[in-house]
Every structure is written in structure tokens, then in C-alpha cells.
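Open the model in a viewer and keep the sequence panel visible. The stops below are given in the order in which to select them.

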Amino acid sequence: MEPKVIHRVKLTPRSLEVDGKRVAEAVAGESFLTHVYRQRQMDYPKFFKMDVLCKLGFIASEILLETEGAERFVPRADRAVILFNRNSSLNADRTFQRTIADPEEFYPSPSVFVYTLPNIVTGEIAIRNKYHGESNFILLPEKSEEAMNQAVERAFMDGETTSVLTGWLEAVSETEYEAEMKLIMMM
Amino acid sequence: MELIEELKTKMIEALNLEEMTPADIDDNAPLFGDEGLGLDSIDVLELIVLLERNYGIKIADPKQGKEIFASVRTMADYVAANRTK
């Protein structure tokens, strides 16, 4: 048995690719993430409250899991969620900083503050899908397939994990982001 | 009445209720729970910030929140009686 990539999703401000095929392209005048959310008729109002990192992870994981085609929302502990990036929750951190930067307008935003950690997105995906396995967001100094593969391999060693939703998830602003998410199964 | 509409607009913006318009929010409907707007605990904190920022109201006693945020109408009544700006 060895880990095999079952499906891949690549999502950038310009396009959405599933298993290497381009399935959607950006349209003028609307956030591409919101465009994909509406186009795919995803019914999850909390989406609009999320920061861009969480929106990116939510959309990419939803498409990845739709592509998998397995029954959704069944509690399971054999699937891990392990994501990576370089800049943590930088966009939410900056947005929150703006709410406290001016002493005359010092109103820390609770709803922004809750997204000032990168592992909020792994938790969101795990909660949404009822995954009770490992949930981890790892910061790397740079995008490294080797480092990411090592983390996934370690996850499979716990004796319980049989699949891992993993990949690079970076969002430094509302218009600069990249998700390369994949589903890896031990086969 | 004008204050109620103003509050609805500010709530939609502050809580990112993108799918909603002021007309979708019933003046008397509960803001929390399955029957109402379905807001959560983080939304309550955001509403407290909204009242302080826009109307100069500081809610010192968290227990007051349940009554103040029962509906948009109770919020408007509280704002009208306690606003400092």
C-alpha cells in the first residue's frame, strides 16, 4: 500500500482547475471565489463571513470532495486535513490591525479576529465534513513538495488515517491567492 | 422607523449578511436561534461594537444583551433611549 493522489483542485484569482482541466474562469466585476460559490450553488451562508484564506479553503475543499463523489457529512476519523502556506493568516491579521490602528477609532472587530489564525480553515473544513482525524495547518518558509509530502507521510503512520485532504493554501490579499489542494488515499 | 432601517443596513454590512436586504429582516423577528436571523455569539460581539462605534453606547452588563438584541425593534428602542451620538 502507498499514498496516491486521487483528485486535485487548483484555484487562483484567474481560474479553477479540477484534475488538470480548467472548469471555470474569472469574470469581471465579481470576486472569483464568490462567483464559484454562486455558480456551484453552495448553500453555506457562513461563507460570506469568512476571511479570504478560509473562503479559498472552503471552495477548494468543496470542489475536491464533490469530485470524489463519496457520501458527504458522515462522521469519520480516518481522514486528516493538513494544509500549508508561507504567510499564515496575514490578510486577516492586516484587516484586524486596521480596526485597532487609530486610537480615535479603536474598535477591534470580533468577527475579523476569529480568522487571525491559519488553522481556522482546517477546523472549518473538518467541522463542515465531520472529520475527527488530524487537523493541522503547517507554515513553511517556502512551498516545498518534499516538506509537504513528509507531513502527509507522517499522518498516515498513526494507524488510523487512510486519506488526507492536503495542499498549499495561500491568500495574501482578496486578489492574490492560490490553492493547490489534493485528496490522497492509501491504496 | 428610520432608525430601524438604519440599523438593518448597518447590521447587514457589519455581519456580512450578503444574501439579505433590509426588507428581508422582520422588525420583530428574533435575531438569534433557528427561527430568527440565525446570528451567533461572534455576531453579538460585532453588534456590541456596532452600537458603541455608531451610537456611543457601551454595554457594560452582558446580561443586558439578551433583551437588547432580542430583535431589531428592541435594539432600536435601546439605541433611541441611550445614544450619545
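A residue is called buried if 20 or more other C-beta atoms lie within 10 Å of its own, exposed if 12 or fewer, and partly exposed in between. The model is predicted.

**Stop 1: a loop in chain B**

Select B:Asn16, in the loop between α1 (2-14) and α2 (41-55) of chain B. Is this residue buried, exposed or partly exposed? B:Asn16 has 17 C-beta neighbours inside 10 Å, so it counts as partly exposed. Its phi is near 55 degrees, a positive value in a residue other than glycine. Most residues other than glycine have a negative phi.

**Stop 2: a loop in chain A**

Move to A:Ser88, which sits in the loop between β4 and α3 (90-100) of chain A. A:Ser88 is not a glycine, yet its phi is positive, at about 50 degrees. With 17 other C-beta atoms within 10 Å, A:Ser88 is partly exposed.

**Stop 3: the sheet of chain A**

Now show the strands of chain A. In what order do the seven strands of the open sheet run? The order is β3-β2-β1-β7-β6-β4-β5, and the pairing is mixed. β3 (21-25) and β5 stand at the edges; each has a single partner strand, so one side of each is left without a neighbour in the sheet. From one strand to the next the twist averages 20 degrees.

**Stop 4: β3, β2, β1 and β7**

Start at the β3 edge and step inward.

- Select β2(A) with β3(A): the two run antiparallel and are joined by four bridges. A:Ser15 has A:Glu25 in β3(A) as its bridge partner. The two strands form a hairpin with two residues between them, and A:Asp19 in the turn has a positive phi of about 50 degrees.
- Add strand β1 (residues 3-11) of chain A. β1(A) pairs with strand β2 (residues 15-18) in the antiparallel sense, over three bridges. A:Val9 stands opposite A:Val18 in β2(A). This is also a hairpin, with three residues between β1(A) and β2(A).
- Add strand β7 (residues 176-186) of chain A, which runs antiparallel to β1(A) and is joined to it by eight bridges. Here A:Lys10 stands opposite A:Glu180 in β7(A).

**Stop 5: β4 and its neighbours**

Select strand β4 (residues 79-85) of chain A, which is mostly covered: seven of its seven residues are buried. In a regular strand the side chains alternate between the two faces of the sheet. Which residues of β4(A) lie on each side? A:Arg79, A:Val81, A:Leu83 and A:Asn85 are on one side, with A:Ala80, A:Ile82 and A:Phe84 on the other, and both faces are covered.

Next, display the partners of β4(A). Strand β6 (residues 163-173) of chain A pairs with β4(A) in the parallel sense over six bridges. The bridge partner of A:Val81 in β6(A) is A:Leu165. Strand β5 (residues 135-139) of chain A is also parallel to β4(A), with five bridges. A:Leu83 stands opposite A:Phe137 in β5(A).

**Stop 6: helices of chain A**

Select α5(A), which lies across β4, β5 and β6 of chain A and runs at about 155 degrees to β5(A). Then add helix α2 (residues 52-68) of chain A; it packs with helix α5 (residues 119-129) at an angle of about 40 degrees, with the axes 9 Å apart. That angle makes α2(A) oblique to α5(A). The crossing is right-handed. On the α2(A) side the contact is made by A:Leu53, A:Cys54, A:Gly57, A:Phe58, A:Ser61 and A:Leu65, and on the α5(A) side by A:Ile120, A:Val121, A:Glu124, A:Ile125 and A:Asn129. Colored by class, these residues divide into seven nonpolar, three polar and one charged.

Keep α2(A) and add helix α1 (residues 32-39) of chain A, whose axis comes within 10 Å of that of α2(A) and crosses it at roughly 35 degrees. α1(A) passes α2(A) in a left-handed crossing. A:Leu33, A:Val36 and A:Tyr37 of α1(A) make this contact with A:Lys55, A:Leu56 and A:Ile59 of α2(A). The contact residues are five nonpolar, no polar and one charged.

**Stop 7: where the chains touch**

Finally, show both chains. How many residues does each chain give to the contact? Chain A gives eight residues and chain B nine. The chain A side divides into five nonpolar, two polar and one charged.

Methods
Residues are numbered from 1 along each chain as its sequence is written. Chains are lettered from A and ligands numbered from 1 in the order in which they are written. This is a predicted model: local features need pLDDT of at least 70, side-chain atom pairs count only at pLDDT 80 or more; totals for chains, interfaces and linings use all residues. Two residues are in contact if their C-beta atoms, placed from the backbone, lie within 7 Å. Ala, Val, Leu, Ile, Met, Phe, Trp, Tyr, Cys and Pro count as nonpolar, Asp, Glu, Lys and Arg as charged, and the others, Gly among them, as polar. Axes are lines fitted to C-alpha atoms, for helices over the stretch in contact, and angles run from 0 to 180 degrees between N-to-C directions. Angles under 35 degrees count as roughly parallel, over 145 as roughly antiparallel, 65 to 115 as roughly perpendicular and the rest as oblique. A crossing is left-handed if the near helix is turned anticlockwise from the far one by less than a right angle, and right-handed if clockwise. Two strands pair if DSSP finds at least two bridges between them.
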